[in-house]
Amino acid sequence: MTMLDELHQTCRRLLEEGSVKVVIGYAQSAPDEPAFPVFIDDVADVGQLVWNEWCLANLTKYLLRKDIRALGKPAIIVKGCDERALLVLERESQIDRAEMVVIGMACPGMGQPPQAVCGGCDVHQPRFCDITIGEAAAGDAADTRYAELDAFLKKTPAERMAYWRDELSRCVKCYACRQACPLCYCERCIVDKNRPTAIDTSATLKGNFAWQITRAFHLAGRCVGCDQCTRACPAGIDLRLLNLTTAKAAEAHFAYRAGMDRQAEPVIGGYSEQDQESFIR
Amino acid sequence: MSETEAIRLPSPPAPLPQRGEGSRDEKRLPSSPDQPSAAAGGEGSVFEPKIIAYVCNWCTYLGADLAGTNRLEYPANVRIVRLPCTGRIDFNLIVKAFEIGADAVLVSGCHPGDCHYTAGNYHARRRWILFRELLDTLGIEMDRIHFSWISAAEGKKFQQVVSEITAKTRQMGPYRAYHEICQS
């Protein structure tokens with residue numbers, strides 16, 4: 001039985017026995033096209049669900065949306081990386097795991113070729129799901145998670161600044177990065193607050209820098225690296241580098257990786273008297 | 001009798017500046033740093049950097065105050081912004097300082113263990129550790145962002161830190177790279 005058959009069978013059973021009202025999963029309009037989210041509330045439609053290398057999106061964002069919550073108790077399909085977001089949301093009291101069924105899919109890596117998107121991934125196998133389907137091969141032996149960032153940091157600060165000036169000049173402040181991010185869940189984002197205006201809202205370089213610094217830092221120690229923001233960006237700005245920076249810093253300084261350990265105390269929000277730095281005189 | 005009473009009457013207060021006059025974003029520090037010689041006059045004059053110091057109310061602000069009461073002279077380039085605690089110093093304030101024309105930023109508060117609110121400075125320290133790395137990836141000049149612990153008794157240290165930062169920033173020149181971003 002393929003993983004897809006098993007997935008269909010599981011979802012049919014969950015819907016038939018009424019333990020969930022809706023299944024949040026992936027569907028495709030044509031093969032070789034990126035999958036989009038579907039919300040299946042009828043057993044007859046379960047056949048629409050797909051599982052292949054095009055299931056890139058992180059669906060956990062939908063667990064927070066009021067319109068989706070109104071559909072009733074959900075079952076959600078997650079990959080190992082999406083599950084990390086789920087753990088952070090749980091830790092931050094945004095979701096109640098008892099109020100959902102989490103279906104974990106063992107993931108060989110997404111995209112074509114998978115290495116391009118998922119190189120260095122070490123969470124191919126979901127670990128905390130209610131139902132886990134499939135068995136993933138062990139991750140790559142070499143740790144290449146931060147390879148892209150390390151290569152970028154070889155540039156001089158002036159070159160880096162020039163790179164970001166060029167990249168962020170394309171930003172149109174559509175806030176798709178924020179909307180797509182499962183961990184950007186503030187009811188009212190700081191950029192929408194105007195008494196006083198903390199961040200210049202115009203789509204100029206000044207506003208774009210301020211916004212991207214804010215967005216990246218509000219995810220510091222929380223970002224799970226699902227790349228939803230980068231995929232959502234219509235201007236094709238590689239926001240991964242910013243997210244990788246804070247993730248790497250959190251791991252290097254505090255041995256913390258968001259969404260890996262259910263018990264670990266989040267980096268921001270906690271502190272230790274033993275925190276080490278050398279830059280404060 | 002009536003004469004003295006008249007003398008005692010408080011003079012009418014000067015009109016307060018209207019809040020909301022002009023956009024907040026258009027507010028800039030007086031005299032753009034890109035024309036440093038305008039105030040000093042002519043070529044060859046020394047560049048005077050603008051430095052914003054975000055300090056906590058309980059330690060560094062009192063340290064600066066002590067420097068003043070002890071008549072310790074320190075450069076007038078520093079603009080002190082007093083906040084309740086280093087834990088209150090939002091990273092956006094640092095970005096904002098550069099946006100409005102600062103050439104360097106100092107963030108300073110109580111020594112570890114001395115926080116008036118017990119742990120504000122520990123929280124702040126953690127944030128700065130991560131924030132500095134983010135700014136580094138963005139290519140922002142790290143030599144322009146300074147952090148220090150200055151207690152209420154360290155007027156001398158405040159003087160030294162501010163003098164050092166001013167000298168260093170004067171050497172580096174205005175922070176054109178970020179100011180250009182904010183003008184485009």
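This is a conversation about how two chains meet, and about the cavities, in a predicted model.

Visitor: What makes the link between Glu164(B) and Arg281(A) a salt bridge?

Guide: The closest N and O atoms of Glu164(B) and Arg281(A) are 2.5 Å apart, and the rule asks for a side-chain nitrogen of Lys or Arg within 4 Å of a carboxyl oxygen of Asp or Glu. The pair therefore meets the rule, and the count between chain B and chain A is four salt bridges.

Visitor: How many residue pairs are in polar contact across the interface of chain B and chain A?

Guide: There are 16 such pairs, with both residues at pLDDT 80 or more. The elements of chain B that give two or more residues to the side touching chain A are the helices H4 (91-99), H5 (120-137), H6 (155-172) and H7 (176-183), together with strand E4 (145-149). Of these, H5(B) brings the largest share, with 15 residues.

Visitor: How do you know which residues belong to the contact between chain B and chain A?

Guide: A residue belongs to the contact because its heavy atoms come within 4.5 Å of the other chain, and on that basis the contact takes 41 residues from chain B and 48 residues from chain A.

Visitor: Why is an area used to describe an interface?

Guide: The size of an interface is often given as the accessible area lost when the parts come together. For chain B and chain A the buried area is about 4,200 Å², with 65% of it on carbon and sulfur atoms. Within the area that chain B buries against chain A, Arg126(B), Leu130(B) and Thr137(B) supply 19%, more than any other three residues.

Visitor: What makes a space in this structure a cavity, and how many cavities of 30 Å³ or more are found?

Guide: A space is called a cavity because a 1.4 Å probe fits there but cannot get out, and a search of the whole structure finds four cavities of 30 Å³ or more. The largest cavity has a volume of about 90 Å³; of the 15 residues that line it, the closest to its centre are Cys171(A), Cys174(A), Cys177(A), Cys233(A) and Pro234(A).

Visitor: What classes of residue make up the lining of the largest cavity?

Guide: That lining has twelve nonpolar, one polar and two charged residues, and Cys and Pro count as nonpolar, so the five residues closest to the centre of the largest cavity are placed in the nonpolar class.

Visitor: Which residues line the second largest cavity?

Guide: Among them are Cys181(A), Leu219(A), Cys226(A) and Asn243(A), around a volume of about 70 Å³.

Note on methods:
Residues numbered from 1 in each chain as written. Chains lettered and ligands numbered in written order. Heavy atoms only, no water. Buried area = accessible area lost by both parts, 1.4 Å probe. Polar contact = N/O pair within 3.5 Å; in protein donor to acceptor, adjacent residues only side chain to side chain. Helix = DSSP H or I, 4+ residues; strand = E, 2+ residues; numbered from the N terminus. 1 Å grid on protein atoms, 1.4 Å probe; cavity = no way out; pocket = protein on both sides within 12 Å on 5 of 7 lines; lining within 4 Å. Points joined across faces, edges and corners; volume = space filled by probe spheres on them.
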